[in-house]
Every structure is written in C-alpha cells, then in structure tokens.
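Biologist: I would like us to take a close look at one single part of this model, slowly enough for a first-year student to follow. Could you keep the structure in view while you talk us through it?

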Amino acid sequence: MKSFFAALMAVALLLSGCAHSSPVSSDASDTPSAESTSIASEPAAAREPESSPEPPPEPEPDNRWQFDAPENHGMDPALLEQMHIALTGAPVYTVLTAKDGVIVDEFYQEGDNEDSAYAFHSASKSVTSALFGIAMEEGYIGSVDDLLSDYLPQVLELEDEGKQQITLRHLLTHTSGLEWYEWGGSYSNWGEFRSADNWVDYILGRRLVYAPGTVFNYSTGNTHLLAAVLERVTGKGLADYAREKLFDPMGMESVIWGTDPQGIADGGNGLIMSARDAAKFGQLFLDGGIWNGQQLVPADWVTESTTVKNNGAGDGTGAYGYQWWIRSFGNTDTYYAFGAWRQYIFVVPSLNLVTVIASPGPQSSYASRDYFTRYVLLACQGYSST
C-alpha cells in the first residue's frame, strides 16, 4: 500500500513540473518580446514614424532609333534597292528614311556610316526657327510682330530710320527689305558677309531696298539676326540653349554649331550633325513637337512655322513659312529644311515619313531631290506586301 502511495505521489510531482515549464513555439512572432511589449505600451505620439520606401528612379528615356523592314510600313523594298544602286558613287553622302517613327532605309557611301556628321548649311534655319518658337513660349519674346529694335537696340542708332520698322516676322519670312544677294544670280555678297569682323553690324549696315514686309529676299543675314536676338533674350549661347531644349532631351549627341567672330551662333548656316540626328529633328516636327512623350516645341509653333506665309522665291523650291520651305510633290504635301549643295530634311505628314539627304559641295542644290521624289515617295504609293 505504501508503495502504491509512493508511486502516486511521484506521478503527481511529475505532472506539476510539466505544468510550469515554458511552451516552445515554432513562430517567434507568436510570443511578443519584452521590447515589442514595451513599444506597444508607449503612446502613439511617442512612436517613431515609419519611413516610406524611396520610389524607384525614373528610367532614362530611350532616344535611340528603332529599325524595321520597309515592307512592314507600306514601302516597296525593291524601289529602295534601286535607289541604293543609283546612289552608289553619286555625289551624295547619305539618304535616310524613317516611316511610322522607325528607320526603314539607310544608305551611306563607302567610308561613311551612322556616326558620320555633315554640314547641313541652311537647313540650320529651321532649327533656329524651332528655338524661336520655344523662346516665345517661355516668355523671352512677346510676339513675332515685335520690332527688331526692341531686342537689338543698336537698330535705333542706324542712319536709315526705315530699319526701325523691321519686325521679327520679317526676319522669319525673309522680308526684312535689307539688300542681300544669296539666291540665284551671279553676284553674291556671301564672301563679304562671312569675312566681316562683325556679322551683325554688317547685316544691319546693308541698304534698305524694300519696305519691310513687302518682298521675299532670301538672306542668311536675316536668320543670323534671329540668332543674335535669341542669345540676347535668353542670356545663353544658342548652341547651349539648343542643347538644353532640344539636343540633350532628344539624344542628339553629334551636333556642332559654328559661331561668328563675336561667338554668336551661325543660326542660318552653321549646324553639323549626323543623318540620324537630323532625322530626329524632322520626326520631332512630324509628331507635333513631341519627343518621347515630352512637348519640346510648342504644337502651335510647329503648325504656324510650316504654314505658307509667302510664295518664296517664286520658283520650284516652294513657298515659305517661318524658316521652312513648303510645297507639294505630285499630290503629296511636304515641308522641308533645305541647305545649299543638296541638304534636305523632308517631312511628309500624310505618309508619316521623314527623309534626310546630305551631300558634299559645291554642286547644284536640287539634283539630289530626285532620289526623294523618284524613289522614296514612289516606294510609298500603292505598295502592299500582301
């Protein structure tokens, strides 16, 4: 009996010891620590605010061109191949075509490639015009009808007071009335202009031979005055302003812009860039001033500057807007930047098309246009890959 009670007592002691031992959990969160209990007991106002995670950085915009086969964009590859054969050895550096926002055809002479940079001469004028539109949007310029003398006060000191009537619109449309010989004819004052010690003074010193606003007379001098205005109002070199507003946002890394003896950008003639970068500028205008979703050039300026303002030189070059040429080839409406010795940036809104041509000089400025009209445009007309 005693042994029974002894065994019973041993079992009771064993059970008592188990009841007071700490349970073991496989999840530490199930049992609050002393630290967490202490924090939980603090007033809400005394707790440290939880820091929100840093948002991920914005991805860098991809400014690289995309490429596709021309037949995927309604263009006849056989015609483009015929153009390549015709171009081989011809006095043309490159012909590049982008359609629907991608490059569909690209030709370079042997020794040249996509990194080669070319002087686009007076096609520079269209870039200066784009910068003018940006500066006006930003409030640096009030209106195209502002007087030139409002921005270049030295005009008020000129002997001929008629020059005080020249407006920015007159410069944009080549109707300043200043004597200039650059378009056609055997005589040109180009050499005098380029060798002058001060280009702005030389331009303003030309005789006023027409009432401002009455006669189209093509003049790189007019555009150079626009460049001088832009540099004065922005307080920046035009190349720097262009890099900030256009070239850097678009990844146009090849661009070089020459200057006059005073360091003012050669707004009417001085741009050097690759064909791909020139095509980006054309694509920017084709897309209403937008690049990668960003409005770089005001949409209304794109429309206004590529709308006819006068009949230009009255020849086959076309009508004129604000530093852009405008004409139809057949039934196809086109506007384009145009430089001496066969430099072109064609923009064709109805075809969603941009074509760039760069050529050596000196030579006729029009001959290479046939590659655009006889091959590129024809390759778009009525072609189906099905």
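Biologist: With which residue does Lys245 form a salt bridge, and how far apart are the closest N and O atoms?

Modeller: Please keep in mind from the start that this is a predicted model. The partner of Lys245 is Glu138, and the closest N and O atoms of this salt bridge are 2.6 Å apart. The pair links distant parts of the chain, since Lys245 belongs to helix α9 while Glu138 sits in the loop between α4 and α5 (168–172), with their positions 107 residues apart in the numbering. The two partners also differ in how they are covered: Lys245 counts as buried because its relative accessibility is 19%, and the cut-off for buried is under 20%, whereas Glu138, at 37%, counts as partly exposed. As a general point, side chains of opposite charge can pair when their charged atoms come close.

To see the surroundings of this pair, we can turn to the two helices. Two packed helices are described by the angle between their axes and the distance between the axes. Here the axes of helix α4 (residues 124–137) and helix α9 (residues 238–250) come within 11 Å and cross at roughly 75°. Since angles of 65 to 115 degrees count as roughly perpendicular, α4 and α9 are therefore described as roughly perpendicular to each other. On the side of α4, the contact is made by Val127, Thr128, Ala130, Leu131, Ile134 and Ala135, and on the side of α9 by Leu238, Tyr241, Ala242, Lys245, Leu246 and Phe247. Sorted by character, the residues of this contact comprise 10 nonpolar, one polar and one charged. Lys245, then, takes part in the contact between the helices and also in the salt bridge with Glu138.

Helix α9 and its surroundings offer further charged pairs to look at. The side chains of Glu244 and Lys236 meet in a salt bridge, with 2.5 Å from N to O. Both residues are partly exposed, Glu244 with a relative accessible area of 38% and Lys236 with one of 28%. Another salt bridge joins the side chains of Asp240 and Arg243, at 2.3 Å from N to O. These two residues are three apart in helix α9, so about one helical turn separates Asp240 from Arg243. Asp240 counts as partly exposed at 40% relative accessibility, and Arg243 is partly exposed as well, with a relative accessible area of 35%. If we now put the pairs together, salt bridges that share partners join Glu138, Lys236, Glu244 and Lys245 into one network.

Finally, it helps to place this part within the whole chain, which has 12 helices and 12 strands. Of its 386 residues, 47% count as buried, and the count of salt bridges comes to 15. Among contacts between residues at least 6 apart in sequence, 64% join residues at least 24 apart, and the pairing of Lys245 with Glu138, 107 residues apart, is a link between distant parts of the chain. The chain exposes about 19,000 Å², and carbon and sulfur atoms supply 52% of that area.

Note on methods: Residues numbered from 1 in each chain as written. Predicted model: local features only at pLDDT ≥ 70, side-chain atom pairs only at ≥ 80, totals over all residues. Heavy atoms only, no water. Helix = DSSP H or I, 4+ residues; strand = E, 2+ residues; numbered from the N terminus. Buried < 20%, exposed > 50% of the residue type's maximum accessible area, 1.4 Å probe, protein only. Contact = heavy atoms within 4.5 Å. Areas by Shrake-Rupley, 256 points an atom, 1.4 Å probe, with all protein chains shown as cover. Axes fitted to C-alpha atoms, helices over the stretch in contact; angles between N-to-C directions. Parallel < 35°, antiparallel > 145°, perpendicular 65-115°, else oblique. Nonpolar A, V, L, I, M, F, W, Y, C, P; charged D, E, K, R; others polar. Salt bridge = Lys/Arg side-chain N within 4 Å of Asp/Glu carboxyl O.
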